[in-house]
Amino acid sequence: MNSTNRPGSAGSDRGPWRLALDRFLRNRLAVGFLVLFFAIVLFVLAAPLWANHVAHTGPNQTHTVEKLHVNGEVREVVTVEGKPIGPQWFEAGGKFFLGADSRLGRDEMVRLMYGGRISLFIGVVSALITTTLAVILGLLAGYYKGWVDTVIARTLDVLWSLPVLLLGIALGVSLAISGLKIGPIELSGGSIWVPILVISVFTIPYIARPIRGEVLSLSQKEFVEAAIAQGAGPLRLMFGEILPNLASTIIVFFTLSIANNMLFEAALSFLGAGVQPPNSSWGTMISIGVELLQTQPLLAIVPGVMIMLTVLSLNVIGDGLRDALDPRSKVRLEARTGMVEPEGAAV
Amino acid sequence: MLRFIVRRLVGMVFVLFIVSVLVFVIFNVIPNSPPAQRLAGKNATPVLVKSIEEEWGFDEPLPVQYATMMKKVFTGELIQYSPRIPVNEQIEEGIPATFSLSIGAGIIWLGFGLLLGYLSAVRAGGKLDKLLTVVAIAGISIPVFLIAPVLIYFLTYKLEIFPNGGYVKLTSDPWEWLTHLILPWFTLAVLSIGFYSRVLRSNMLDAMNEDYVRTARAKGLSERQVMTRHVLRNSLIPIITLFGLDFGATIAGTAIITEVLYNIPGVGYYAAHAISNLELPPIMGVTLYGAFFVVFFNAVVDIGYAYLDPRVRLGASAQ
């Protein structure tokens, strides 16, 4: 890095993105958690490798009567009383590294890796959908003002004041029982697109409300007036002028919303209203694991720790991005299942 | 003030109407299977399905079906079908446990949140502040379904300090009531303690730069008086609003998960069991009653807030 080139100085030849990157890289905590997040992603991506070459089993394969030969002794994967085997670490050559999950005798480590794929997939995809919809709604409301704004803003207010977890449970269960059919869209009850849809819909206000506020203030700025004077139409104003200025806010919200949505998914799945069998996520693994908490505590605690590490790293990365992209900004979206954004912090 | 209250109550009724329509749409319109079959539950006989179909009038137009559903909810005729029990009785039975859990947790998180936030703000930048920052960030990121298993495993199973889940009525044995609830309270409160301490800290740091604080110092008030009477007091109003919103959201949110983890037979526990048995009427009932509570509490908080701060009452015209 060129130390003579002070960031933000008038003579800087580097663009704002480059400056933001430099600022982000100087934030050791954020970089550390970024590395951790990539490690988690690699961990879940490696699921087939571990399953095929180390554990030699699939995430849903049961081993009710199998026996392991470890150091010359024979260990049952599931005992006659239905008690699953504990963590073997590398004693059985990587088989049942974290033990078996229940009387079905499924390999917990393999399930952890595959479950993480589903948790992360749902988190990222629902965050993409939520952010896209929220930005479009925020742009329309903030740009057109008048009745368009009234309708969108009031709808968001109502959605905001609803008990989202309860409605998410209701929608999740209802769709899990019978699937969905609206025009060309058809989902079966067990599809992981059901929780994705539920989460995407109910988290829109957390992003759309602050975006709307920012659009309202951006549309008063000189560069928008200049574009209007040049004869720009509403589409160019919204997507060509205002949207690029929202980029940093959107990136931050997207990151934080992955974390928020993963917690939402875990809560739904834990209660049985999210990911349905045979699929599993970290949330469903915890709900299976707590039943054996007394004898096999790791079954519930390890998936919980994975969720915590992922959410924590995304929150720290999000905060780091906010500081790097716009040091003055105070907008925030709080990741929590209670799901209320502090009005005080957004003002 | 009266006009504000009326306006707020009208808004509340409107939101509740929207919730009920949403619930109706979620259960009776969107799903892709015969509604009577869904309501009847897993092991329904054709006779039961037939009778539910007539009872709910699923061949009628949608608005009539909606009216039927609402009538059932208001008259307490909403029942779960296997076994046949009225939903509202089950919910009423669960309310004392749910409220014991939520109110206790609320008191703990408000108390600790304010205490830690105040200490952080007064010693901003110091060692204690930095430690509390780390604790708060960790607290915000730990989901209840990690805290609870860890606490239960170590404190209940290993050290045997606390009883293993369940709930004892306050009226039958206050001491047992307390020991059964301590872990659930803290489980529910940890997240918010971290969060509230951060919010109070930043509010207080903002308030310290205000003119009235300089005036108070210039008057010769002691540092402690400046902090408690001027800075803290003015920083509390946003916290109270936040608490109102969070408290409702907690009862209808994380409290459900906590009840399941600790086997507390509250409303959320009832709903969770209905989920695993795929019983829709209880979920319908709990969603509607939960929504009523959340919306009602939000309205009460708004009115209280307006009473404390005239700017809110007058709306935009005051600015």
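**View 1. Surroundings of B:Ile5 in the predicted model.** B:Ile5 counts as partly exposed because 15 C-beta neighbours lie inside 10 Å, where 20 or more other C-beta atoms within 10 Å would make a residue buried and 12 or fewer exposed, with partly exposed in between and C-beta atoms placed from the backbone. The residue belongs to helix 1 (residues 2-29) of chain B, helices being DSSP runs of H or I with at least four residues and strands runs of E with at least two, numbered from the N terminus. From B:Ile5 to B:Phe186 the separation is 181 residues in sequence and 35 Å in space, C-alpha to C-alpha. This is a predicted model, in which local features need pLDDT of at least 70 and side-chain atom pairs count only at pLDDT 80 or more, while totals for chains, interfaces and linings use all residues. Residues are numbered from 1 along each chain as its sequence is written, and chains are lettered from A and ligands numbered from 1 in the order in which they are written.

**View 2. Helix 10 of chain A and its kink.** Helix 10 (residues 234-270) of chain A has 37 residues, yet its end C-alpha atoms are only 45 Å apart, short of the 54 Å of a straight helix, a span taken as 1.5 Å times one less than the number of residues. A kink of about 55° lies at A:Leu243, shortly before the proline A:Pro244, the bend being the angle between axes fitted to the seven residues ending there and the seven starting there. After helix 10 comes A:Gly272, with a positive phi near 90°.
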